[in-house]
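These are my notebook entries on one protein chain, written down in the order in which I looked things up. I began with a term that I needed before going further.

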Amino acid sequence: MKIFPAIDLKENKCVRLSKGEESTSVVFNENPVEQAKYFEDQGRERLHLVDLDSAFGRDNINNETIKKIRNKISIPIQIGGGIRSE
């Protein structure tokens, strides 16, 4: 079994939702780039990103943050959350 740390992105912040409901969003880290680097520094081999804004139909809000994460870390990234194009 492989366990991937995950960052849920909403409005360019790391959040957690309760039961997948957008209105329950709680910010856990204002800087997802630093959070991604932390996971890499802790020895994680991969990272999973969830673009919640895209999942809720608001495209392109987190694109720059995702690019910054990609440029800051060297481990593979898996992305999900309503993304419909490269």
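Entry 1, a term to settle. I count a residue as buried when its relative accessible area is under 20%, as exposed when it is over 50%, and as partly exposed in between. I applied this to Phe39, which has 17% relative accessibility and therefore counts as buried. I also note here that I am working with a predicted model.

Entry 2, the aromatic pair. I asked how many aromatic pairs a search of the whole structure finds, and the search gave one. The pair consists of Tyr38 and Phe39, whose ring centres lie 6.0 Å apart and whose planes stand at 55°, so I wrote the pair down as tilted. I kept both values because a pair of aromatic rings is described by the distance of the centres and the angle of the planes. While Phe39 is buried, Tyr38 has 45% relative accessibility and so counts as partly exposed. I then looked at another ring, that of Phe28, and found Arg16 over its face, at 6.0 Å from the ring centre.

Entry 3, the chain as a whole. I listed three helices and five strands, and reading from the N terminus on I noted their order as β-β-β-α-β-α-α-β. For 86 residues, a compact globule would have a radius of gyration near 12 Å, and I recorded that the chain agrees, because its own value is 12 Å. Taken along the principal axes, the C-alpha atoms fill a box of roughly 35 × 25 × 25 Å. Of the 86 residues, 35% count as buried, and the chain exposes about 5,800 Å², of which carbon and sulfur atoms supply 46%. Looking at contacts between residues at least 6 apart in sequence, I noted that 65% of them join residues at least 24 apart.

Entry 4, the core. Which residues make up the largest nonpolar core? I found 12 residues in all, among them Ile7, Cys14, Val33, Ala36, Phe39, Leu47, Leu49 and Ile69. The elements that give two or more residues to this core are strand S1 (6-10), helix H1 (32-41), strand S4 (47-51) and helix H3 (63-72), and I noted that H1 gives the most, with three residues. I followed Ile69 further and, leaving aside residues up to four places away in sequence, found that it touches Pro32, Val33, Ala36, Leu47, Leu49 and Ile77.

Entry 5, a residue of H3. I next turned to Asn71, which lies in helix H3, and asked whether Asn71 is buried or exposed. Asn71 is exposed, because its relative accessible area is 67%. I also compared the position of Asn71 with that of Val33, and found them 38 residues apart in sequence and 9.4 Å apart in space, C-alpha to C-alpha.

Entry 6, two loop residues. I looked up where positive phi angles occur outside glycine, and I wrote down Asn12, with about 65°, and Lys19, with about 55°. Asn12 lies in the loop between S1 and strand S2 (13-18), whereas Lys19 is found in the loop between S2 and strand S3 (21-29). With 26% relative accessibility, Asn12 counts as partly exposed, while Lys19 has a relative accessible area of 81% and is therefore exposed.

Definitions and conventions:
Residues numbered from 1 in each chain as written. Predicted model: local features only at pLDDT ≥ 70, side-chain atom pairs only at ≥ 80, totals over all residues. Heavy atoms only, no water. Phe/Tyr/Trp six-rings, centres within 6.5 Å; stacked < 30°, edge-to-face > 60°. Buried < 20%, exposed > 50% of the residue type's maximum accessible area, 1.4 Å probe, protein only. Lys NZ or Arg CZ within 6 Å of the ring centre and 35° of its normal. Helix = DSSP H or I, 4+ residues; strand = E, 2+ residues; numbered from the N terminus. Rg over C-alpha atoms; globule rule 2.2 N^0.38 Å. Contact = heavy atoms within 4.5 Å. Areas by Shrake-Rupley, 256 points an atom, 1.4 Å probe, with all protein chains shown as cover. Core = buried A, V, L, I, M, F, W, Y, C linked by side-chain atoms within 4.5 Å.
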